There are 2 protein chains.
Amino acid sequence: MATVTDPAPRSSKAEQTRQSIIDAAMRLFRSGGYDQATMRAIAEEAGVSVGNAYYYFSSKEHLVQAYYDRIQAAHAEASEQPLADETDFNGRLRGVLLAWVDVAEPYHEFAGKFFKNAAEPSSPLSPFSEDSTAAREAAIELHRRIIDGSDLKLAKGLRDELPELLWLLQMGIVLFWVHDTSEGQRRTRDLVDQSVPIIDRMLRLTRLPGVRGVVDDVVGLIHMIRP
Amino acid sequence: MATVTDPAPRSSKAEQTRQSIIDAAMRLFRSGGYDQATMRAIAEEAGVSVGNAYYYFSSKEHLVQAYYDRIQAAHAEASEQPLADETDFNGRLRGVLLAWVDVAEPYHEFAGKFFKNAAEPSSPLSPFSEDSTAAREAAIELHRRIIDGSDLKLAKGLRDELPELLWLLQMGIVLFWVHDTSEGQRRTRDLVDQSVPIIDRMLRLTRLPGVRGVVDDVVGLIHMIRP
DNA sequence: CTCCATCTTTGAACGTGTTCAACTATGACT
DNA sequence: AGTCATAGTTGAACACGTTCAAAGATGGAG
C-alpha cells in the first residue's frame, strides 16, 4: 500500500535527523495515538523545529507512511516462516494473512488515519497510485509465492491474475480490520480462518465444466479493466 | 452513504435556518469544492455565525452527510425507471448501477475529497458507521427490490444475504469510480456493463451441485462475521 | 583562504475546524 | 404582565497542520 518516502541519497547527518524524527513519531503514536502526536510534539520529541520536520516529511501523513512501511517490511519478514512451513495453498494463504494481522496489531488504533490515504485517489499514498507501484508489486509478488509454492492447480489465465486478485482480497481484509473493534481483532482472525478455506474450495471449483466459462469471462473483464 | 442528519421535530424557524445552512454549503461545495467551502464561508453565505452553524451540524462532515443524502435520494429516484422497465435480474442490476454513475457524475471532481474522509472508520461519513445506518439500509433495500422483482432463482440462505452483498459490490464500483479519470467515467460504465452479466451467470451457477456447498459456507461465513 | 551555491534549520504566522461562555429571543405558565 | 427555563445565536479564542522568508551550516571551486 505504502509508497517510498523520498528514496534520494542523503548525507549521514541528514539521514540521522530524518530517522530521529521517525522514531519520535513512532514513540508518540504508540503512547498517545494519532491525535495526541501533534507535529509540534513530534518535533520537540525529536529535538528539531516544526519547520525542520516538514523539511523531511512534507506532511503528517507522509510520516504515517513511513510508519506503514515498517509494517510492510515486518510482514514480509513474518511471512517467511509460513511460506517455509506450509505446503498446501490453504495453509500458506492463511499463514501469510494471519501474519499480517499479528504484525499490524500494535498499530490498529490509528490505522484508520492511514487508511484515509487509501481512498484519496490524487494522493501518492493511495495503494493504487503510480507512486505506490513498487510497494504494491512487492505485495502482489508475495501472493505469487503463496501460489507457486503450493499444490494449487489452476487454468493458466486465472493463474496469472490470481496474485493480484489475492492482493485485492487482502485489501478487503484490511478494510474489515480497520473497522474491527473486537479485542485483539479477533473477528478479523475469524474472518481469515473461515474465508481462506472457502477461497481454496472456490479456486478448485474453477476447473469444473460450467464454471470455467465464467472464470474465463472474469479474466477477460480484468484484462479490459486494467489501465 | 450518509444518514439523515437529526430527524427530530423542530420549529419552522429553526428548520428554515437549518435548510439555509445546507443550501449555502451545497452552493459552496459545488462552486469551489470541499476545501474552499470553509465553515466560515458557509456560515457567511447562509447569513449566520460560525457557532450557529455548529449548533445545527456538529461537524463539517455532518454537513457533507446532507450532501450525500441528496445524491442518494436522486439515485433512488433515478432507479425507479429501470426497476419499472426491466424484468430480468441482469437488466435491473445494470440499470440501477448505471443510474448511480449518471447521478453521481457531477460530483466526481471532488468525490475524492469526500471519500477520503469517509474512509476513516471513526468518521460519521463512513458507509459502515452508525451514523450511516439509515442510508445504508435504504441502499440495501434498493438491491432487495432488484432481486425481488426479477426472475432470479436462489437458495433461500443466499437470497437473504444477496442484497447486502450487492451493496458491497456497489461500494467496490464506487471505489473504482473514484479512481476513474476517464471522460464521463466511461471505464466505470464499462465495468458495470461487463461485470453485471458475469454476476448474473455466477448467481445462476450457485444452484449447481458441487457449487452449492461452497455457497452455503459463504452464507455461514457472513452470519458469523456480522456484528 | 574566499566566495558562493546549495542544503539544512528556524519559529512566527496563516487559515482551518471546533469550542465555549455569554448573550438574546421565545413561549408557556402563573 | 411578569417570570423563567429553554432554544437559539454570537464571535472571540484555541490547537492544530502547514507555509515561508530568513538565517545558518556545509562543502567544493578558484
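How far does a polar side-chain atom of Tyr54(B) lie from a phosphate oxygen of DNA strand C? The separation is 2.7 Å. This is a predicted model, and every distance, volume and angle below is computed from it.

**The surface near DNA strand C**

Two more contacts reach phosphate oxygens of DNA strand C. One involves a polar side-chain atom of Tyr55(A), at 2.8 Å. The other involves Met39(B), which uses a polar backbone atom, at 3.0 Å. The table sets the three side by side.

| Residue | Atom type in the protein | Distance to a phosphate oxygen of DNA strand C |
|---|---|---|
| Tyr54(B) | polar side-chain atom | 2.7 Å |
| Tyr55(A) | polar side-chain atom | 2.8 Å |
| Met39(B) | polar backbone atom | 3.0 Å |

Both protein chains supply elements to this surface. From chain A, helix H1 (12-36) and helix H3 (50-56) each give two or more residues. From chain B, helix H2 (39-46) and helix H3 (50-56) do so. The largest share belongs to H3(A), with 4 residues.

In total, 18 residues surround DNA strand C. The closest are Tyr55(A) and Tyr56(A) from one chain, and Arg40(B), Tyr54(B) and Lys60(B) from the other. On the DNA side, sugar and phosphate make up 56% of the strand C atoms that come within 4 Å of the protein.

What is the chemical make-up of the surface near DNA strand C, by nonpolar, polar and charged residues? It divides into 7 nonpolar, 7 polar and 4 charged residues.

**Cavities**

Searching the whole structure turns up 2 cavities of 30 Å³ or more. The largest has a volume of about 120 Å³. It is lined by 14 residues. Closest to its centre are Tyr68(A), Ile71(A), Ala111(A), Phe114(A) and Trp177(A). Three helices of chain A give two or more residues to this lining: H4 (60-85), H6 (108-119) and H8 (156-179). By class, the lining has 14 nonpolar residues, no polar and no charged ones.

The second largest cavity holds about 30 Å³ of space. Its lining consists of Leu97(A), Trp100(A), Val101(A), Gln170(A), Ile173(A) and Val174(A). Helix H5 (89-104) and H8 of chain A each give two or more of these residues. The class split here is 5 nonpolar, 1 polar and no charged residues. H8 of chain A thus appears in both linings.

**Aromatic pairs**

Over all chains, the structure holds 8 aromatic pairs. Two of them, both in chain B, are described here.

Phe29(B) and Tyr34(B) form a stacked pair. Their ring centres are 5.9 Å apart, with 10 degrees between the planes. Phe29(B) has a relative accessibility of 1%, so it counts as buried. Tyr34(B) is buried as well, at a relative accessible area of 10%.

How are the rings of Tyr55(B) and Tyr56(B) arranged, and what are the distance and angle between them? The pair is edge-to-face because the planes stand at 90 degrees, and the ring centres are 5.2 Å apart. The two partners fall into opposite exposure classes. Tyr55(B) is exposed, with a relative accessible area of 65%, whereas Tyr56(B) is buried, at 13%.

How values were computed: Residues are numbered from 1 along each chain as its sequence is written. Chains are lettered from A and ligands numbered from 1 in the order in which they are written. This is a predicted model: local features need pLDDT of at least 70, side-chain atom pairs count only at pLDDT 80 or more; totals for chains, interfaces and linings use all residues. Side-chain values use heavy atoms; hydrogens and water are left out. A residue is near a molecule or strand if one of its heavy atoms lies within 4 Å of it. A polar contact is a pair of N or O atoms within 3.5 Å; within protein, one must be able to donate a hydrogen and the other to accept it, and residues adjacent in sequence count only if both atoms are side-chain atoms. Ala, Val, Leu, Ile, Met, Phe, Trp, Tyr, Cys and Pro count as nonpolar, Asp, Glu, Lys and Arg as charged, and the others, Gly among them, as polar. On a 1 Å grid over the protein atoms alone, a cavity is a set of points where a 1.4 Å probe fits but cannot get out, and a pocket is an open set with protein on both sides within 12 Å along at least five of seven lines; lining residues have an atom within 4 Å of a point. Grid points are joined across faces, edges and corners, and a volume is the space filled by probe spheres set on the points. Rings of Phe, Tyr and Trp (its six-membered ring) pair if their centres lie within 6.5 Å; planes under 30 degrees apart count as stacked, over 60 as edge-to-face and the rest as tilted. Buried means under 20% relative accessible area, exposed over 50%, partly exposed in between (1.4 Å probe, protein chains only).
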